[in-house]
Amino acid sequence: MYALVDAVAFYASAEKVFDPAIRSKPVVVLTNNDGCVCAICPIARRLNIPKFQPYFKVKHLLAKHKVIVRSSNYELYADLSDRMMNVISRFCDKQYIYSIDESFLHFTGFTPLINDWHQYGHLIRRTVWRETKLPVGVGFGSTPTLAKAANHAAKKLKGFNGVAVIDSEQARLRILAAMDVADIWGVGKRLAKKLKQLHINSALDLAKQDPLQMKRLFNVVLARTVDELNGRTCLEWDEVRQDKREIFSTRSFGERLTDPTVLKTALINHCTIVARKLRLQRSLTKRLLLFVASSPHELNAYKKSLVYELPTSSADSCVFANAISEVFAQLYQQNVRFYKCGVGALELSSQQFQQSDLFTPNKNNIKLMKCLDSVNARYGSNTLALASQQQSQAWHMKREFLSPQYTTRWLHLPKISCNL
DNA sequence: TCTGGGGTCCTAGGACCC
DNA sequence: TCTGGGGTCCTAGGACCC
């Protein structure tokens, strides 16, 4: 049995945790640089606020309904996510954190004392709410995709109240029949449109298809989804939590940027993030993708990228930073208003099997990186940083409606006053 | 006045080589 | 003079997810 536990409109719910005054109000959260609406609380959802629309286009609508608008407060969300995942982990020995607000639980060789999945789901919900004040939905199913479907039902379909269980044929048919094919995990807008042309409208319609036929007409991924919807597990636990095959760090700037030094600093910051992520999954990369770009919405948009081939696979921030310095001139161009840049690690390999070069000295300083990681883990990210990262504020995000970092900054600690 | 997220994986099609 | 196959690698862009 698998379970998927995730928060209801996580970012918006997180904003309500330390601000009870807005709990009964419509709340939305914006993406980086206050670009788009990315989280809509259930109360705001009833007002038909569209998701992933540019903020400036829905501004008037939000104002009309007196919607509370917040910038993304990642410091807060990351910390609340940790707390939530911690609580959830107590309910199963195998947890896989799939995203900031979702985790899969895999019950195998272990049955909870409470031998009723409904009750168990509600216990998870109640406990998470009691300890974090975050609302979660829980879905159970015999495959990851069915657990996802149950989770969708738990939160979106009538009569489930936050928990749904697919543990019988009736339950499976009932939930899949009520689900639009577009709401299945792995079926996006594009695929859903094509499926509907073939009169495959509900999740159940898709489940009834022949996997081989789906593979022929579409691809192997969809064939697997069909199998999963029928209770045949294709995404094995190890596959669900496989190592990433590429790792990126990219960001748009709060304001357009023309200064080469600042742009280079931004790139170096991205490369240290990528290096840290690589070390976290014990991977090395042989090739870095570096890119810079002006806004795609601009006339004569500028875009330049290049692949840097490292002499030996690495996850060393210093090696990456040197690579950037070496080729930066090829990326930069005068009079371009830069909007975005990023670094990606391609062609990853395991740290365990490092291939060295007979003729090139290995420049990877594993000890130094280990030290850097442990200091930063203890005292906060970027306590130790490369000199070339120069804590510049110039390219930092625009966050006009930022809430306090209640849990990660002393100055932002919530104050409780009581009158005796 | 101007404003449009970030991450990962996959694939079609082009370049190049034999 | 004209015509032609198959493999590998690379890249840009698409699809999907949150």
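This short presentation covers the central strands, one helix, the salt bridges and several surface positions of the structure shown above. The model is a predicted one, and I ask colleagues to keep that in mind throughout.

Let me begin with the strands. Strand β6 covers residues 102–106. Five of the five residues of β6 are buried, so the strand is largely enclosed by the rest of the structure. Both of its faces are covered. On one side lie Glu102, Phe104 and His106, and on the other Ser103 and Leu105.

Which strands pair with β6? One is β1, which pairs with β6 in the antiparallel sense over five bridges. Within that pairing, Leu4 has Phe104 as its bridge partner. Another is β5, residues 95–99, which is joined to β6 by four bridges and also runs antiparallel to it. Here Tyr96 stands opposite Phe104. Phe104 is thus the residue of β6 that faces Leu4 and also Tyr96. The connection from β5 to β6 is a hairpin, with two residues between the strands.

I turn now to β7, residues 136–141. Six of the six residues of β7 are buried, so this strand too is largely enclosed by the rest of the structure. Val136, Val138 and Phe140 are buried on one side of β7, while Gly137, Gly139 and Gly141 are buried on the other.

The pairing of β7 involves β1 and β8. Strand β1, residues 2–7, pairs with β7 in the antiparallel sense over six bridges. In this pair, Ala3 stands opposite Phe140. Strand β8, residues 163–165, pairs with β7 in the parallel sense over three bridges. There, Gly139 stands opposite Ala164. Strand β1 therefore has two partners in this account, since it pairs with β7 and with β6, and both of those strands are largely enclosed because their residues are buried.

Next, a helix. Helix α1 spans residues 10–17, and eight of its eight residues are buried, so α1 is largely enclosed by the rest of the structure. Its buried residues include the aromatic pair Phe10 and Tyr11, and also Glu15 and Lys16. Glu15 appears again in a network of salt bridges that links it with Asp19 and Arg70.

That brings me to the salt bridges in general, of which the structure holds 15. How far apart in sequence are the parts that Lys148 and Glu102 tie together? Lys148 lies in helix α6, residues 144–156, and Glu102 in strand β6, so this pair ties together parts that are 46 residues apart in sequence. Their side chains meet at 2.6 Å, N to O, and both residues are buried.

A second example lies within helix α7, residues 169–177, where Glu169 and Arg172 are three residues apart, about one turn of the helix. An α-helix has 3.6 residues a turn, so residues three or four places apart point the same way. The side chains of Glu169 and Arg172 meet in a salt bridge at 3.0 Å, N to O. Is each partner buried or partly exposed? Glu169 is partly exposed, because its relative accessibility is 43%, whereas Arg172, with a relative accessible area of 10%, is buried.

A third bridge joins Arg232 to Asp227, with the closest N and O atoms 2.6 Å apart. Arg232 is partly exposed at 41% relative accessibility. Asp227 counts as buried, because its relative accessibility of 18% falls under the 20% limit for burial.

Finally, I consider some surface positions. A positive surface patch is formed by Lys244, Arg251, Arg276 and Lys277. Of these, Lys244 is placed in the loop between α12 (237–240) and β9 (247–257). Lys244 counts as exposed, because its relative accessible area is 55%, and the limit for that class is over 50%.

Thr108 is found in the loop between β6 and α5 (117–132), and is partly exposed at 33% relative accessibility. The C-alpha atoms of Thr108 and Ala171 are separated by 21 Å, with the two residues 63 apart along the chain.

His396 is placed in the segment after α15 (366–379). With a relative accessible area of 35%, His396 is partly exposed. From His396 to Lys94 the C-alpha to C-alpha distance is 38 Å, and the two are 302 residues apart in sequence.

Notes:
Residues are numbered from 1 along each chain as its sequence is written. Chains are lettered from A and ligands numbered from 1 in the order in which they are written. This is a predicted model: local features need pLDDT of at least 70, side-chain atom pairs count only at pLDDT 80 or more; totals for chains, interfaces and linings use all residues. Side-chain values use heavy atoms; hydrogens and water are left out. Patches are made of residues with over 30% relative accessible area and no salt bridge: like charges are joined within 9 Å, nonpolar side chains (Val, Leu, Ile, Met, Phe, Trp, Tyr) within 5 Å. Accessible areas come from the Shrake-Rupley method with a 1.4 Å probe; for residues, only the protein chains shown count as cover. A salt bridge is a side-chain nitrogen of Lys or Arg within 4 Å of a carboxyl oxygen of Asp or Glu. Lys and Arg count as positive and Asp and Glu as negative; His and the chain ends are not counted. The place of a charge is taken as NZ of Lys, CZ of Arg, CG of Asp or CD of Glu. Buried means under 20% relative accessible area, exposed over 50%, partly exposed in between (1.4 Å probe, protein chains only). Two strands pair if DSSP finds at least two bridges between them.
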